[in-house]
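User: Could you take me through one part of this structure slowly? I am new to reading models like this, so please connect the details as you go.

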Amino acid sequence: TANRVTETEQTHNMLAAMFKHVGSRELDPQVHTHCVVMNMSVKENGDVRAMDFGEGFMNKIPLGQIYRSFYAKEIQNLGYQIESDSKGLFEIKGIPQELIDEFSKRAQQIDERFEELRQEHPNKNYSELRQQACIETRKVKDEPPLELLAEQWKERANEVVDLSKLTEKLQNVSNDKTQEAERPDINSIIEKAVRVATETEA
């Protein structure tokens with residue numbers, strides 16, 4: 001900024017740290033990554049200046065979809081099929097709904113609080129209510145070691161389904177020759193993300 005005029009320059013560099021977590025706040029399986037970006041970038045002349053996060057924030061939904069698309073591809077590389085919905089989100093094909101529900105406690109908390117807030121504030125914006133529900137139901141996160149979580153997840157899963165039979169079923173599904181035809185490409189995922197973003201802004 002000079003003479004109260006701020007100029008933006010493409011520096012093509014940034015400093016960020018990524019932290020991968022495998023569980024939700026309710027310790028359900030939920031692989032996700034926290035990305036901490038430093039508010040600094042180095043200009044061509046060596047000067048360090050603050051970052052402009054405007055476009056990144058505006059494109060957070062497409063960027064999130066790109067992130068999830070890489071997980072979808074890795075899951076397919078392991079031999080599993082996926083099913084995507086109209087918003088570009090995906091599930092592993094063959095996972096029964098009762099197992100998904102068992103491991104969706106955090107989502108259920110948010111949904112329940114959202115419905116309460118919608119009754120209390122019928123004229124309030126949908127996204128604002130969802131965000132408020134998320135914040136109000138958020139508790140301090142304490143994630144145990146992955147080995148302990150994995151054992152707990154296996155026990156919980158076996159209470160709902162026969163995990164060994166389900167694993168065998170998923171392996172059989174993965175051998176379906178139609179897998180490659182169902183694999184979404186990066187362009188289709190981005191297109192869906194843009195459509196969702198446009199609908200949300202509208």
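Analyst: Happy to! Let's begin at one aromatic ring and work outwards, keeping in mind that this is a predicted model. Arg130 sits over the face of Phe114, 5.0 Å from the centre of the ring. Phe114 also has an aromatic partner, Tyr126: their ring centres are 5.2 Å apart and the planes meet at 75 degrees, which makes the pair edge-to-face. This pair links distant parts of the chain, since Phe114 belongs to helix 4 and Tyr126 to helix 5, twelve residues apart.

The two partners differ in how much of their surface is accessible. Phe114 has a relative accessible area of 4%, under the 20% cut-off, so it counts as buried. Tyr126 reaches 53%, and because that is over 50%, it counts as exposed.

Now let's widen the view to the helix that carries Phe114. Helix 4 covers residues 105–120, and its 16 residues should span 22 Å at 1.5 Å a residue; the C-alpha atoms at its ends are 23 Å apart, which agrees. Its buried residues are Arg106, Ile110, Phe114 and Leu117. Looking down the axis of helix 4, you would find these buried residues within an arc of 65 degrees, so they line one face of the helix. Why can residues that are separated in sequence share a face? An α-helix has 3.6 residues a turn, so residues three or four places apart point the same way. On the other side of helix 4, Glu112 and Gln119 are exposed.

What does the buried face meet? The buried residues of helix 4 pack against helix 5, which runs over 126–136.

For comparison, let's look at the other aromatic pair. A search of the whole structure finds two such pairs. In the one formed by Tyr67 and Tyr71, the ring centres are 5.1 Å apart and the planes are at 75 degrees, so this pair is edge-to-face. Both tyrosines lie in helix 2 (residues 60–77), four residues apart, or about one turn of the helix. Tyr67 is partly exposed at 29% relative accessible area, and Tyr71 is partly exposed at 23%.

Finally, here is where Phe114 fits among the nonpolar cores. The largest nonpolar core has nine residues, including Leu99, Phe103 and Trp153. Helix 6 (146–160) and helix 7 (163–174) each supply at least two of its residues, and the largest share, three residues, comes from helix 6. Apart from that core lies another, of five residues, among them Ile110, Phe114, Leu117 and Ala133.

Key
Residues are numbered from 1 along each chain as its sequence is written. This is a predicted model: local features need pLDDT of at least 70, side-chain atom pairs count only at pLDDT 80 or more; totals for chains, interfaces and linings use all residues. Side-chain values use heavy atoms; hydrogens and water are left out. The expected span of a helix is 1.5 Å times one less than its number of residues. Buried means under 20% relative accessible area, exposed over 50%, partly exposed in between (1.4 Å probe, protein chains only). The arc is that of the directions from the helix axis to the C-beta atoms. Contact means heavy atoms within 4.5 Å. Rings of Phe, Tyr and Trp (its six-membered ring) pair if their centres lie within 6.5 Å; planes under 30 degrees apart count as stacked, over 60 as edge-to-face and the rest as tilted. A charge sits over a ring if NZ of Lys or CZ of Arg is within 6 Å of the ring centre and within 35 degrees of the ring normal. A nonpolar core is a set of buried Ala, Val, Leu, Ile, Met, Phe, Trp, Tyr and Cys residues joined through side-chain atoms within 4.5 Å.
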